Structures are given as structure tokens and as C-alpha cells.
Amino acid sequence: MNRFINTLLGATMVTVIATGANAEGARGELSAWGMGVVVANAYDGGGDCSVGETEFCSDVLGWGAAASAYVPLNGNMSMSTDLFYEYHGESNSQSGSRDEDATYGHLGSHLTNESNPDMPWGGFAFMTSGSNHANGDSAGPVLGFGGEVKVSDYVIQVGGMWLVGDKGRDAGVEDMGFIGVSRDWQMAKGVLKTGFVLGNGDFESSNDTYNKGTWGQFNVFYEAPLGNGNMNWFVGYQGDYVHVYQTFGHDQASFHALKVGITIPLGGGAGAFKTPNFRAPITNADEMSQL
């Protein structure tokens, strides 16, 4: 996983630097943050934290980093690339058993038609990979595609994803459809960024088993300039809810992430579209699909 992330980070950094030097209008941004994840509403393996369930009972710390590049093309078209990585510790209530942390990374690419600057639209593709939270198996790789449009300052994204790794494993997201809506609001000296995503699919990768999984995410962040330099600070909340129906019973948990970090705009910042953060369903489907 570390080799995967290092390779993609290097490729994105080269893209940002090269396009900034050679393409008029190219821009991008770099971000890094720390976070605390509060786990709640957990039900796993037939019980909750009050009766001894251990996998989703403790609050943990984590961090993340992201890089993006935007390049204008001929014919009112543009290409955007975004790389994202996030990690948090295992939420096992027993500190000595926290050895299966959640790691998640994605690389997304967006091709956008900007002939109408008030309503850019296009398509995107992405690849995700990582390691499962509270289970030692790998998460992915998962390949996804979608369409996106910005209407009246609202960004709408619709798409799907499919497992391209080993489908003979016991668990993990096999397929999921999703829809998301987000919008930025000018507030004081900064920007309030809000978004909501819903997903539904098969969270059991075994060829002969279907476990219905549902996922919801709400996020709200405030970003503003940090002093007079070329850097912004941000603080915000991301809440994820993951629910998996098994053959007998169900598993579920809510992950409330509080994040604080910095963003460095490069030549004006990122483009209109970014790939959603699929960490919660990708890293938790495996454990939640286990009987």
C-alpha cells in the first residue's frame, strides 16, 4: 500500500509541477490534515459496545493528505487529477489489539467541458485501494466511473464502482452506486464547503453471496486564508454511516471525523470537480460482512 501511495503521490506532484511550468492556466493545490474519529452507533457480530463488542467502540486518531492538478485543454475542455490518502487507527476497544488500521487512497481523473462556464460538465474515473479497518485483508482495488455537472453552484456527481481485485475473497465492496451533491458558500474571509453523498450496493465480494450495503456521508468545512501568505487553514466535520445486511443480522457504525489542516493553492487552486472520499465504505465493508 505504501508503494502504491508513494507512486501516485510522485506522479501527481510531477503533473502539478510540469503543467504549472508548461501549460498556461494550469493550477492545483496541496493539502494535509490531522483528524480525530469518534465511532458511534455501532452494532457488530450480534451486539453493541454495551455487551462487549470490540471492533467499533473506541475513538481514534488519523491523518490525511491530498494533491490535485487542473490543466486547460483545447476546445474549452480541461483535465483534472486528484490524489487522496487517509488513515486512521483501529477502533478496537482493547488497545493491544489495534493492529488493523484503516488506510485508503484514490486517484481520480476528470474530463470537463467548460464551453458554458456557468455549467461545466463531464465525466470522471477513479481507482481506490487500501487496507480494511478491523480486518487484515486488503481493500480493493476498486475501479469507478461517473458523470458530473455544476448547476447554479451545486456540484452533482453520479457514478458506480466495481471490484477489480480478487472476487474470491470473503468480503469487501463488490459494487456500489452513488450520488453526491455539494456546494461552496462564501462566508466572511473564507469559504464554507458542504456536501452529501449516498451509496448502495453489494458489500460482499464472494461470488455466491450478496450482502446489501448502504452508506451516507455529510461534510462541512470552513477554509480561509492563513495570514498574508499563500496558504489556507481549514477545519471541519465529515460524518459517515455504513450499514451492511448479512444473511443473519446486520452490522453498522457511524464515523464522525473532526479535521484540521492546511491547503496550499498552486496558481489559483483546483478545478470545479474532485473525487468523493469513499474511505468509510471501502475500509469497513470487509469487517461488517463477516458473520
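What follows is a chat about helix H2, ring contacts and salt bridges in a predicted model.

Reader: Let's start with helix H2, residues 279-288: how many of its residues are buried?

Author: This is a predicted model, so keep that in mind throughout. The buried residues of H2 include Arg279, Asp286 and Glu287, along with Ala280 and Met288. The helix is largely enclosed by the rest of the structure, because the buried count is 10 of the 10 residues.

Reader: On to the rings: how many aromatic pairs are there, and is the pair Phe124 and Phe126 stacked or edge-to-face?

Author: The count comes to 14 aromatic pairs. For Phe124 and Phe126, the centres are 6.0 Å apart and the planes make an angle of 20°. Planes under 30 degrees apart count as stacked, whereas edge-to-face takes over 60. So this pair is stacked.

Reader: Is Phe126 buried or exposed?

Author: The cut-off for buried is under 20% relative accessible area. Phe126 comes in at 2% relative accessibility, and its partner Phe124 has 4%. So Phe126 counts as buried.

Reader: What is the angle between the ring planes of Phe126 and Phe278?

Author: The ring centres of Phe126 and Phe278 are 5.1 Å apart. The pair is stacked, because the planes are at 20°.

Reader: And how many residues apart in sequence are the parts that Phe126 and Phe278 tie together?

Author: Phe126 belongs to strand E5 (residues 121-131). Phe278, buried with a relative accessible area of 0%, is in the loop between strand E12 (250-266) and H2. So the pair ties together parts whose separation in sequence is 152 residues.

Reader: Which residues form one aromatic cluster with Trp33?

Author: There are two Tyr/Phe types to look for alongside the Trp ring, with Tyr104 as one of the members. The cluster joins Trp33 and Tyr104 with Phe84, Phe221 and Phe234.

Reader: Any charge over a ring? Where does the charged end of Arg27 sit?

Author: One case is Arg183, whose charged end sits over the ring of Tyr154, 4.9 Å from its centre. For Arg27 the distance to the ring centre is 3.9 Å, and the charged end sits over the ring of Tyr70.

Reader: Now salt bridges: what is the N to O distance between Lys259 and Glu86?

Author: The structure holds six salt bridges. One of them links distant parts of the chain, with Lys259 in strand E12 and Glu86 in strand E3 (residues 77-88), 173 residues apart. Lys259 is buried at 4% relative accessibility, and Glu86 is buried at 0%. Their side chains meet at 2.7 Å.

Reader: Is Lys193, which forms a salt bridge with Glu223, buried or partly exposed?

Author: The closest N and O atoms of Lys193 and Glu223 are 3.1 Å apart. Lys193 lies in strand E9 (residues 190-202) and Glu223 in strand E10 (residues 212-225), so the pair ties together parts 30 residues apart in sequence. Glu223 is buried, with a relative accessible area of 13%. At 28%, Lys193 is partly exposed.

Reader: Back to H2: which residue forms a salt bridge with Arg279?

Author: The partner is in strand E11 (residues 232-245), 39 residues from Arg279 in helix H2. Both residues are buried, and their closest N and O atoms are 4.0 Å apart. The partner is Asp240.

Reader: Which residues are linked with Arg279 in a network of salt bridges?

Author: Arg279 has its salt bridge with Asp240, and Lys259 has one with Glu86. The network links Arg279 with Glu86, Asp240 and Lys259.

Notes:
Residues numbered from 1 in each chain as written. Predicted model: local features only at pLDDT ≥ 70, side-chain atom pairs only at ≥ 80, totals over all residues. Heavy atoms only, no water. Buried < 20%, exposed > 50% of the residue type's maximum accessible area, 1.4 Å probe, protein only. Helix = DSSP H or I, 4+ residues; strand = E, 2+ residues; numbered from the N terminus. Phe/Tyr/Trp six-rings, centres within 6.5 Å; stacked < 30°, edge-to-face > 60°. Lys NZ or Arg CZ within 6 Å of the ring centre and 35° of its normal.
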